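I set out to record the charged contacts, the aromatic pairing and the surface character of this chain. My entries follow the order in which I looked things up.

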Amino acid sequence: MSVSCPIKGTAIQPSPFLSRKAGMKAAELSRFLKDVQAISLEDLRQNHNLWLLLANTIEELGEYAKAITVEAGFKNKELKESSKEEAVDAVICSLALYFSAGGDLEHLVEYGNKKLKKWKKRLKV
């Protein structure tokens, strides 16, 4: 079963790795991506530059790394956010880098699917 996506008729296949409860509707995901794109580009226009955006992305990855080491019991520190929440921050920053490089939703889906196919070939599913 595929779900129609508003990105030029692209079909999104539900992931076998996500439960139905955890899966997002295609429209919600599309809206989220469009919001990240618009906010990222406006932030670049008003405040930030590419280097600061890259620094923020690296910072978020560091916070994710800290969270997973604490959650695994290697460090005894208090966390403000879980590793899952820190991963969302890192994803948003990474998408902002993508959009600041001129990326768009259509290319993200097309090229992302190409990369996922390559990754999937390595898996024993």
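I began with D35 in this predicted model. D35 has a relative accessible area of 34%, so I entered this residue as partly exposed. I then looked up its partner: D35 forms a salt bridge with R31, and the closest N and O atoms are 3.0 Å apart. R31 is also partly exposed, at 45% relative accessible area. The two residues are four apart in helix α1 (residues 26-46), and therefore about one helical turn separates them.

I noted two salt bridges in the structure. R45 forms a salt bridge with E42, with 2.5 Å between the closest N and O atoms. Both R45 and E42 belong to helix α1, three residues apart, or about one turn of the helix. I classed R45 as exposed because its relative accessibility is 61%, while E42, at 30%, counts as partly exposed.

I next checked E86, which is placed in helix α3. Its relative accessible area is 6%, so E86 is buried. I also looked up its distance to E60: the C-alpha atoms are separated by 6.7 Å, although the residues are 26 apart along the chain.

For aromatic contacts I recorded one pair. The ring centres of Y98 and F99 lie 5.4 Å apart and their planes meet at 65°, so I entered the pair as edge-to-face. F99 is buried, at 2% relative accessibility.

Last, I examined the surface. K66, K75, K77 and K80 form a positive patch. Of these, I located K77 in the loop between α2 (50-71) and α3 (83-100); K77 is partly exposed, with a relative accessible area of 46%.

Conventions: Residues are numbered from 1 along each chain as its sequence is written. This is a predicted model: local features need pLDDT of at least 70, side-chain atom pairs count only at pLDDT 80 or more; totals for chains, interfaces and linings use all residues. Side-chain values use heavy atoms; hydrogens and water are left out. Patches are made of residues with over 30% relative accessible area and no salt bridge: like charges are joined within 9 Å, nonpolar side chains (Val, Leu, Ile, Met, Phe, Trp, Tyr) within 5 Å. Accessible areas come from the Shrake-Rupley method with a 1.4 Å probe; for residues, only the protein chains shown count as cover. A salt bridge is a side-chain nitrogen of Lys or Arg within 4 Å of a carboxyl oxygen of Asp or Glu. Lys and Arg count as positive and Asp and Glu as negative; His and the chain ends are not counted. The place of a charge is taken as NZ of Lys, CZ of Arg, CG of Asp or CD of Glu. Buried means under 20% relative accessible area, exposed over 50%, partly exposed in between (1.4 Å probe, protein chains only). Rings of Phe, Tyr and Trp (its six-membered ring) pair if their centres lie within 6.5 Å; planes under 30 degrees apart count as stacked, over 60 as edge-to-face and the rest as tilted.
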